[in-house]
Amino acid sequence: MTLRIAIGGLCLILGCGIYAQAAEEVVLTYKDGRKEKVELASYDAEQIVVRIKVGKNLMDVKVPWDKIQDLSNGLTAERVREKWREANKDKLCAECQGVRTVNCVKCGGEGKLVKERVPCGACKAEGVLTCQGKDCDKGKVPCPEPCIKKGVGEWVTGKDGNPWRRYRFGGQYVEWSEGHVGELVVMEDGKPANKGNCPTCNRTTRVDCAQCKGAGTQPCAECKGEKSVPKPGAAPDCPDCEGGKAVCKACKGKGLKE
Ligand SMILES: [Zn+2]
Ligand SMILES: [Zn+2]
Ligand SMILES: [Zn+2]
Ligand SMILES: [Zn+2]
Ligand SMILES: [Zn+2]
């Protein structure tokens, strides 16, 4: 392989077109999106060598793997390098195992720095919002049972000047004073009947809101309760690497022991 590159290099200088082996035709897609139909002359762990026609001459051009997005024959740097590592397994750099790069320490191999966080605007950095459940008031909703509730139903001012809850039935009515708030009143034989303390709300006329389970708040969906959100916009590129990979310092990117 090395020899073929050497011949290719020589031909590059001499502009000759004599080759021992027929080159394979492939479509080469570059990282910048460019596509080119080329003859693949050779390849190794660093690069591929493609043969292109320039006027009447054939030229060999080296294309490093890091400029290549894709080759139509499925050849990848990973596969070539894996073979290379197998062939050189006794000589590989202990630090990178012959991969030549290591995960960047600064960004943990992400290639992007962790985004700065800013206070969540949706919850004013509280992490929670007031419960949006229907009728929820500080975690409580009106008791669903027909217990006597202040302000609900017909209330009249009694002779004592206090409010009374009036229940009408068949042209008559019955009343209970404010002191009976929280008592359960149900129709029995066509008449309202007071059954005493409402067992559902225990006389409080209110029960826990099902949505917030009585908390009165719900976690902020925007920040998931974290009180802060990532700053808008793209995360900054890591200044220490490219795409999360940093050249292995131990072998200076050669992949082999010194
Ligand atoms: Zn190394
Ligand atoms: Zn990095
Ligand atoms: Zn009740
Ligand atoms: Zn609620
Ligand atoms: Zn929030």
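In this predicted model, an open sheet of three strands follows the order 10-11-12, and its pairing is antiparallel. Strand 10, residues 155-157, and strand 12, residues 172-177, form the edges, each of them pairing on one side only. On average, and with direction ignored, neighbouring strands of this sheet are turned by 40° against each other. Strands of a sheet pair through backbone hydrogen bonds, in either a parallel or an antiparallel manner. Between strand 11, which spans residues 163-169, and strand 12, the antiparallel pairing extends over six bridges. Within this part of the model, Trp-164 stands opposite Ser-177 of strand 12.

Strand 12 also contains Glu-175. Beyond residues up to four places away in sequence, Glu-175 touches Gly-158, Trp-164, Arg-165 and Arg-166. Is Glu-175 buried or exposed? Neither term applies in full: Glu-175 counts as partly exposed because it has 16 C-beta neighbours inside 10 Å, whereas burial requires 20 or more. Glu-175 and Cys-248 are 73 residues apart along the chain, and 88 Å separates their C-alpha atoms.

That separation may be set beside the dimensions of the whole chain. Taken along the principal axes, the C-alpha atoms fill a box of roughly 120 × 40 × 30 Å. The radius of gyration of the chain is 40 Å, while a compact globule of 258 residues would have one near 18 Å. Of the 258 residues, 16% are buried. Two helices and 18 strands make up the secondary structure of the chain. Where contacts link residues at least 6 apart in sequence, 63% of them join residues at least 24 apart.

A second sheet belongs to an earlier part of the sequence. It is open, has five strands in the order 4-3-2-1-5, and is paired in the antiparallel sense. Strand 4 (57-64) and strand 5 (68-71) stand at its edges with a single partner strand each, so one side of each has no neighbour in the sheet. Here the average turn between neighbouring strands is 45°, direction ignored. Inside the sheet, strand 2 (residues 35-43) and strand 3 (residues 47-54) run antiparallel and are joined by four bridges. Tyr-43 is positioned opposite Ile-48 of strand 3.

The nonpolar cores come next. Which residues form the largest nonpolar core? Its nine members are Cys-93, Cys-96, Val-102, Cys-104, Cys-107, Cys-238, Cys-241, Ala-246 and Cys-251. One of these, Cys-241, is in contact with Cys-104, Cys-107, Gly-111 and Ala-246 when its neighbours within four places in sequence are left aside. Another core, of eight residues, lies apart from the largest one, and Leu-28, Ala-41, Ile-48 and Val-50 are among its members.

Further along the chain, strand 13 (residues 183-188) pairs with strand 14 (residues 191-197) in the antiparallel sense over five bridges. Val-185 stands opposite Asn-194 in strand 14. Strands 13 and 14 form a hairpin with two residues between them, and Asp-189 in the turn has a positive phi of about 50°.

Positive phi values also occur in two loop residues. Arg-203, located in the loop between strand 14 and strand 15, has a positive phi of about 75° although it is not a glycine. Arg-203 is partly exposed because 17 other C-beta atoms lie within 10 Å. Lys-227 is found in the loop between strand 16 and strand 17 (228-230). Its phi, near 75°, is a positive value in a residue other than glycine. With 16 other C-beta atoms within 10 Å, Lys-227 is likewise partly exposed.

The loop between strand 15 (206-208) and strand 16 (217-219) contains Cys-209. Why does Cys-209 count as buried? The reason is that 21 other C-beta atoms lie within 10 Å of it, and the criterion for burial is 20 or more. Outside its neighbours within four places in sequence, Cys-209 is in contact with Cys-131, Gly-133, Cys-136, Gly-139, Lys-140, Val-141 and Gly-214. Arg-81, by contrast, lies 128 residues from Cys-209 in sequence and 62 Å from it in space, C-alpha to C-alpha.

Definitions and conventions. Residues numbered from 1 in each chain as written. Chains lettered and ligands numbered in written order. Predicted model: local features only at pLDDT ≥ 70, side-chain atom pairs only at ≥ 80, totals over all residues. Pairing = 2+ DSSP bridges. Axes fitted to C-alpha atoms, helices over the stretch in contact; angles between N-to-C directions. Buried ≥ 20, exposed ≤ 12 C-beta atoms within 10 Å, placed from the backbone. Contact = placed C-beta atoms within 7 Å. Rg over C-alpha atoms; globule rule 2.2 N^0.38 Å. Core = buried A, V, L, I, M, F, W, Y, C linked by C-beta atoms within 7 Å.
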